[in-house]
Amino acid sequence: MGGSDSCPPRDSLVEVLAAVEHERWSHWQRYLHSRCERTADGSLVIPAELVTRWEHQIVTPYDQLTDAQKESDREQVRRYLPIVEAALENRDTP
C-alpha cells in the first residue's frame with residue numbers, strides 16, 4: 001500500500017477500501033461522461049431518458065430492482081467483499 005504499512009490495521013483497511021471506492025467512482029464517471037453530451041463550454045448534459053431512469057432507480061428499494069439492476073449492485077459488492085472477508089478473518093486471528 002505504498003507508505004501506509006505503519007498505519008494501524010483499521011487505517012490500512014480504510015485506505016484499501018478507499019482505493020476500491022475511488023476505482024468504482026472513476027468507473028462510474030467514465031460511463032456517465034460517455035453517455036453525456038459535452039457542450040462548447042465543456043459542461044456535460046445528461047440525456048433526459050437517463051435522468052428519468054436513474055431518478056427512478058434512486059428511489060427504488062433494492063428488493064424492487066430488476067434482476068439486471070441487482071446484478072449491477074452485486075458486481076460492485078464483489079469488488080469489496082474479498083477485502084471485507086480478509087479483514088474479518090484477520091480480526092478473529094490472535
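**Exercise 1. Work out the order of elements along the protein chain.**

Solution. From the N terminus, the protein chain runs α-β-β-α-α. That gives three helices and two strands. Both are DSSP runs numbered from the N terminus: helices are H or I with at least four residues, strands E with at least two. This is a predicted model, where local features need pLDDT of at least 70, side-chain atom pairs count only at pLDDT 80 or more, and totals for chains, interfaces and linings use all residues. Residues are numbered from 1 along each chain as its sequence is written, and side-chain values use heavy atoms, without hydrogens and water.

**Exercise 2. Check the length of H3 against its residue count.**

Solution. Helix H3 covers 67–91. Take 1.5 Å times one less than the number of residues. For the 25 residues of H3, the expected span is 36 Å. The end C-alpha atoms lie 34 Å apart, which agrees.

**Exercise 3. Locate the kink in H3.**

Solution. Fit one axis to the seven residues ending at a residue and another to the seven starting there; the angle between them is the bend. At Tyr-80 in H3 there is a kink of about 40°. The proline Pro-82 follows shortly after.

**Exercise 4. Decide whether Thr-60 is buried or exposed.**

Solution. First, place Thr-60: the loop between helix H2 (48–58) and helix H3. Next, apply the cut-offs: buried is under 20% relative accessible area, exposed over 50%, partly exposed in between (1.4 Å probe, protein chains only). Thr-60 counts as buried because its relative accessibility is 15%. Finally, its side chain reaches the backbone oxygen of His-56 at 2.5 Å.

Technical notes. A polar contact is a pair of N or O atoms within 3.5 Å; within protein, one must be able to donate a hydrogen and the other to accept it, and residues adjacent in sequence count only if both atoms are side-chain atoms.
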